[in-house]
Amino acid sequence: MIPACLGLVPFGVVCGVGAAGAGASWWSALGLSAIVFSGAAQILAVQLLAAGAPVAVIVLTCFVAGLRFLMYSAAMAPLLRPLPARAQQALAFLLTDQAFAAAVRRFERGGDPHAAARHYFGGGFALWMFWQAANLAGYFAGSMIPASWSLDFAVPLCFIALVAPQFRSRNAIVAAAVAGVAVLALAWLPMRLNLIAAGTFGIVAGTVADFASTRRTAR
Amino acid sequence: MIVIVGALNYASRLSFIAFFARRHIPASLARAFRYVPAAMLTALVVPMVAAVPHAAPEAGLSAQALVALAPRVAGAVVALAVAWRTHGTLPTLVAGMGTLWLVQAIVAGAP
């Protein structure tokens, strides 16, 4: 858990800097990091806010950014089944990429699901605290850093760090390649719809490749 | 508005746990889910890397745009390689920012 917490810090700082750069007040930046608790959504939200986008667009785009949580949710469902509903709901809030990875490892090790849940709670809460601190630090330190340092580039770097482990299978690479090309090709779409569209194309491409490869091996 | 986004995010996270808590996920859907992170995260990252002031799609790739774009692409590629190897955020950040600054310096010094 400690490495995961530390890994979140640079990302959190970057999000805080981004919020300051977009002109948000410190308490709305903190609100974003505390309640939304998702770097992708936070970054997009402050950028779109600064550009004056309508609320509906911001909400929809953040929803799209958070779609991967649907997948984590689906994967966690069988693991969390033995737990009481309230625990499931609380754990759902704390679900992040790191928490997901750690939780899956812990649950798969077997044994008492309640102990695993406590482990997840502790880790998830620690992550949440670190995230708030990092965001605040980034927000207040942001004004001291000159723009020529190109620190905005740290944001996509954090996401690259998140996505790289996904490229274990060729199908995942196909999915990503299709999504990457599509998002650029569709950049002319309004309201950043290219994000949703490209993501969907990527998912479909990966799934098709997946089915195609199993059919090949079955022959 | 923050609350709405937060609520939606939370709903996404909870939705499937709640929905599938008592049910079985169809196998084909589960297979599609495996590609959500790779596709979605890539769709997010690529525009961020390509986000360069003078690069309007209609204008094509001007020399200015290339100068601004090259360091970012280089940084992204190196970062991807490092991330793939180390799975660590900090090494990725260091490698990516380092490459960015290096290529920026090279491009600036060679007109």
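Guide: A residue counts as buried if 20 or more other C-beta atoms, placed from the backbone, lie within 10 Å of its own (exposed: 12 or fewer; partly exposed: in between). This is a predicted model, in which local features need pLDDT of at least 70 and side-chain atom pairs count only at pLDDT 80 or more, while totals for chains, interfaces and linings use all residues. Residues are numbered from 1 along each chain as its sequence is written, with chains lettered from A and ligands numbered from 1 in the order in which they are written.

Visitor: What percentage of the residues in chain A is buried?

Guide: Chain A comprises eleven helices and zero strands, these being DSSP runs numbered from the N terminus (helices H or I, at least four residues; strands E, at least two). Of the 219 residues in chain A, the buried share is 47%.

Visitor: Which element gives the largest share of the largest nonpolar core?

Guide: The core (buried Ala, Val, Leu, Ile, Met, Phe, Trp, Tyr and Cys residues joined through C-beta atoms within 7 Å) has 48 residues, and A:Ile160, A:Ala175, A:Ala179 and B:Ala39 have the most contacts inside it. Elements giving two or more residues to this core include helix 9 (154-163), helix 10 and helix 11 (193-218) of chain A, along with helix 4 (63-86) and helix 5 (89-109) of chain B. The largest share, eleven residues, comes from chain B, from its helix 3.

Visitor: Which residues does A:Ile160 contact, leaving aside its neighbours within four places in sequence?

Guide: Contact requires C-beta atoms, placed from the backbone, within 7 Å. With those neighbours set aside, the partners of A:Ile160 are B:Val45, B:Ala76, B:Ala79, B:Leu80, B:Ala83 and B:Thr92.

How values were computed:
Two residues are in contact if their C-beta atoms, placed from the backbone, lie within 7 Å.
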